[in-house]
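Here is a brief report on aromatic pairs, charges over rings, cysteines and one strand residue. Please read it alongside the structure.

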Amino acid sequence: MSKKVTKIGVLTSGGDAPGMNAAIRAVVRTGIYNGLEVYGIMRGYNGMIEDDIFHMDNKSVANIIQRGGTILKTARSKEFMEAAGRQKAYENLRKRGIDGLVVIGGDGSFRGAQRFSNEFDIPCIGLPGTIDKDIAGTDYTIGFDTAVNTAVEAIDKIRDTADAHDRLFVVEVMGRDAGYIALHSGLATGAESVLIPETRTDVEDLISGLTEKEKRKKLVNLVVVAEGDEMGGGSEIGKILKNRLPNMDIRISILGHIQRGGAPSCQDRIIASRMGYHAVESLLSGRHNVMVGIVDDKMHYIPLDTAVKEKQAFTSDWLKIIKILAS
Ligand code: F6P
């Protein structure tokens with residue numbers, strides 16, 4: 001039987017994602033509702049190491065549900081990867097009596113949490129907070145929906161100017177090693193092609209498709225490329241296309257960090273709130289080292305190490321749909 005938690009810490013780690021604030025709010029308010037003391041930890045694991053930890057009350061999370069970024073700030077902590085850093089972090093939690101942790105972040109953050117709780121007896125609950133959606137055991141990650149909507153809005157704007165000039169645009173979106181932002185934004189903006197790391201990019205097929213469209217004077221040509229595509233990102237693909245299609249007027253647009261900012265979408269606020277609530281419930285019910293996900297609209301709990309080892313199931317027929325609809 002696991003011991004009962006009384007004081008919990010919450011932190012955000014890795015790349016920020018819209019909706020992290022809604023998750024922090026849910027953790028703090030659910031914790032207080034259940035009689036727990038809740039502590040905010042600044043700048044991810046760095047705050048644990050540097051003892052940048054403060055007591056939170058209901059008011060500390062007022063007026064943040066609609067805000068992008070994270071009030072706790074975030075970092076990718078190098079020191080936490082070292083045993084000495086984790087030891088320091090543990091001492092700082094111990095002296096306050098913090099006996100449970102909620103980590104909102106992506107796979108790197110979960111690896112840290114897993115290691116930490118294997119070494120010290122502090123249960124950690126992970127909430128998937130990443131725009132990349134590259135975590136198994138959940139249909140949603142906090143921030144993905146907002147990032148995709150931002151990408152769609154930007155690509156729609158690019159479509160206007162592409163149309164005005166009869167240009168081909170290669171648009172690079174984020175996602176690290178995953179192609180979900182590309183796949184979703186590409187399908188939603190009517191791209192000709194979407195290039196993602198999960199499938200081998202067939203350049204000859206791409207060129208023949210674009211050549212055929214050039215012949216029949218198709219109005220708008222958009223190619224959406226995931227930054228992690230194995231052929232390279234937008235710049236590399238753009239270079240190849242410029243070389244091979246000299247008659248086409250080609251521009252490259254890299255959307256970059258705008259995809260990480262902005263007010264969270266309704267969906268991100270809702271999943272963040274549900275996950276934050278269930279993170280605290282998990283700690284109260286004695287769950288250890290699991291990630292809280294949502295599958296088929298139900299809460300789902302998987303071990304942190306499984307969440308980082310596996311990827312979400314990839315919807316391969318989407319690429320076929322994109323191709324057919326762009327014809
Ligand atoms: O993991 C989120 C993410 O935005 C990735 O899509 C991207 O590859 C990376 O972070 C960028 O990281 P940084 O903000 O450190 O440049």
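The notes below take the rings first, then the cysteines, then a serine.

**Aromatic pairs**

The model is predicted. A search of the whole structure finds 4 aromatic pairs. One of them joins Phe-80 and Phe-116. Their ring centres are 5.5 Å apart and their planes meet at 40°. That angle is neither under 30 degrees nor over 60, so the pair counts as tilted. This pair links distant parts of the chain, 36 residues apart. Phe-80 sits in the loop between strand S3 (53-56) and helix H3 (83-96). Phe-116 belongs to helix H4 (residues 107-119). Both partners are buried: Phe-80 has a relative accessible area of 4%, and Phe-116 has 0%.

Tyr-90 and Phe-120 form another pair. Here the centres lie 4.4 Å apart and the planes are at 10°. Because that angle is under 30 degrees, the pair is stacked. Tyr-90 lies in helix H3, and Phe-120 in the loop between H4 and strand S5 (124-128). The pair therefore ties together parts that are 30 residues apart in sequence. Phe-120 is buried, at 12% relative accessibility.

Which residues do the ring pairs link into a cluster? They are Tyr-45, Phe-80, Tyr-90, Phe-116 and Phe-120.

**Charges over rings**

Two side chains place a charge over a tyrosine ring, as tabulated here.

| Charged residue | Ring | Distance to ring centre |
|---|---|---|
| Lys-133 | Tyr-180 | 5.6 Å |
| Arg-287 | Tyr-301 | 3.7 Å |

For Lys-133, the charged end sits over the ring of Tyr-180. Arg-287 lies over the face of Tyr-301.

**Cysteines**

How many disulfides are there? The count comes to 0. A disulfide is a covalent bond between the sulfur atoms of two cysteines. Here, no pair of cysteine sulfur atoms lies within 2.5 Å, the cut-off for counting one.

Is Cys-124 buried or exposed? Cys-124 is buried, at 0% relative accessibility. Cys-266 is exposed, with a relative accessible area of 54%. That value is over 50%, so the label follows.

**Ser-253**

Ser-253 lies in strand S9 (residues 250-254). Its relative accessible area is 16%. This is under 20%, so Ser-253 counts as buried. What does Ser-253 contact, leaving aside its neighbours within four places in sequence? The partners are Ile-158, Phe-169, Val-170, Val-171 and Glu-172.

How values were computed
Residues are numbered from 1 along each chain as its sequence is written. This is a predicted model: local features need pLDDT of at least 70, side-chain atom pairs count only at pLDDT 80 or more; totals for chains, interfaces and linings use all residues. Side-chain values use heavy atoms; hydrogens and water are left out. Helices (H or I, at least four residues) and strands (E, at least two) are DSSP runs, numbered from the N terminus. Buried means under 20% relative accessible area, exposed over 50%, partly exposed in between (1.4 Å probe, protein chains only). Contact means heavy atoms within 4.5 Å. Rings of Phe, Tyr and Trp (its six-membered ring) pair if their centres lie within 6.5 Å; planes under 30 degrees apart count as stacked, over 60 as edge-to-face and the rest as tilted. A charge sits over a ring if NZ of Lys or CZ of Arg is within 6 Å of the ring centre and within 35 degrees of the ring normal.
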